[in-house]
Each structure stands twice: as structure tokens, then as C-alpha cells.
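Reader: I'm new to this one, so could you walk me through a part of it slowly?
Author: Gladly; let us put it up first and then take one element at a time.

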Amino acid sequence: MPRTYKRKTERASTALVELERAVKEVQQGKTIRQVAREMKICRMTLKRFREKKKIGEVTKTGYKRTGLANQVFKENMETELADHIKALAAMFHGISAMKCHELAFEYAQRNGIDIPASWIREKKEGPDWFTAFKARHHLSCRTPEASLLEELLPLIDTTWGSSLITSLK
């Protein structure tokens, strides 16, 4: 599956006003094919819109959002996870991408969320999901700075003695 979606059809690109006008012409007695040819609208688009219009009021054209059916986390859970990752990154001067992958997997497991089989097999979530997650929540994952231990070593040396430093190294 590609990481960036490229639209392959022109479906749902017709304005709602044009479709409304076309349906009125069909109701006045013209055939769907005639109206579609005159207004340069796909015949099936016009037919579908007319059928939806019979059922109820149509407020927009095109597809319903089907991505929600495949969404792993609910919006509030994703926000909570993103805030947690940001807090960890602030604490440790950065957090690695691999750790973010593992955190998302662990969060899903602990909350009993249905997750894809690939997540279970790899013990982390997929790269496509993570790329989209980072984009949605403006995250930046990077390797933590190693300066924390370097800053503490002189303090440890003067406070606790050199035996502790050798055990740390």
C-alpha cells in the first residue's frame, strides 16, 4: 500500500449545485443520459445522486469517510498517546522512533483494542500508521541525547567516589 494516496478517478468532483440543477432537469422530463451529456457529468454519478436525493436530503457529494472503520485508536486515545510521547520526549531530550512504535503497540494491548495481525506479529505498529500518526499530531521522534549521563558523571565522581563510575561504565 502506498504511503501517500493518489486519486485515480474524478468521481465526486462535480459541484453539488450542478448536480441539483441536473436532477431538476431529469425531473422535468429529460433522460439521465441527455442531461449527463449536456452538463458533462458522469451518468452514474447523476444516477446515484438522484437515488440518494429520493431517500433524503444530500448535503455533499462523494464517498463517506470509510477510514474511520479501520481506525485503531479513537481520537481521544490518539491525543492521549501523543501527549504521553511528547512528555517522554521532553523528559529524556528526545525519544526514538522505535520506542514510539513499541509504546503505541503496548498502549493498544493494555486498553484491549482490536489491532491488526501485523502489529501482533511484529510487536509494534506499522510504519504507515506511525507516519500518519506523526503527521496528525505534529510529532518529531529522534534519538535521545546522550548528554544526560555525561553531565552526571562529574557529580557522581565527587559525591559517591570513583567506584560507582566504574560500575556505570
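**Helix α4 and its surroundings**

Author: This is a predicted model. Helix α4 runs over residues 75–91, and at 1.5 Å a residue its 17 residues should span 24 Å, which agrees with the 24 Å between its end C-alpha atoms.

Reader: Okay, and which residues of α4 are buried?
Author: The buried ones are M77, E78, L81, A82, I85, L88 and A89. Looking down the axis of α4, these buried residues fall within an arc of 135°, so they line one face of the helix.

Reader: What's exposed on the other side of α4?
Author: On that other side, E75, N76, A90 and M91 are exposed.

Reader: Back to the buried ones: what do they pack against?
Author: The buried residues of α4 pack against two helices, α5 (97–110) and α7 (127–137).

Reader: How do the axes of α4 and α7 cross?
Author: Their axes come within 11 Å and cross at roughly 85°. An angle from 65 to 115 degrees counts as roughly perpendicular, and α4 and α7 are therefore roughly perpendicular to each other.

Reader: Which residues meet there?
Author: From α4 there are E78, T79, L81, A82, I85 and K86, and they meet W129, F133, R136 and H137 in α7. The residues of this contact between α4 and α7 divide into 5 nonpolar, 2 polar and 3 charged.

Reader: Different topic: what is the phi of H93, which follows α4?
Author: The phi of H93 is positive, near 55°.

Definitions and conventions
Residues are numbered from 1 along each chain as its sequence is written. This is a predicted model: local features need pLDDT of at least 70, side-chain atom pairs count only at pLDDT 80 or more; totals for chains, interfaces and linings use all residues. Side-chain values use heavy atoms; hydrogens and water are left out. Helices (H or I, at least four residues) and strands (E, at least two) are DSSP runs, numbered from the N terminus. The expected span of a helix is 1.5 Å times one less than its number of residues. Buried means under 20% relative accessible area, exposed over 50%, partly exposed in between (1.4 Å probe, protein chains only). The arc is that of the directions from the helix axis to the C-beta atoms. Contact means heavy atoms within 4.5 Å. Axes are lines fitted to C-alpha atoms, for helices over the stretch in contact, and angles run from 0 to 180 degrees between N-to-C directions. Angles under 35 degrees count as roughly parallel, over 145 as roughly antiparallel, 65 to 115 as roughly perpendicular and the rest as oblique. Ala, Val, Leu, Ile, Met, Phe, Trp, Tyr, Cys and Pro count as nonpolar, Asp, Glu, Lys and Arg as charged, and the others, Gly among them, as polar.
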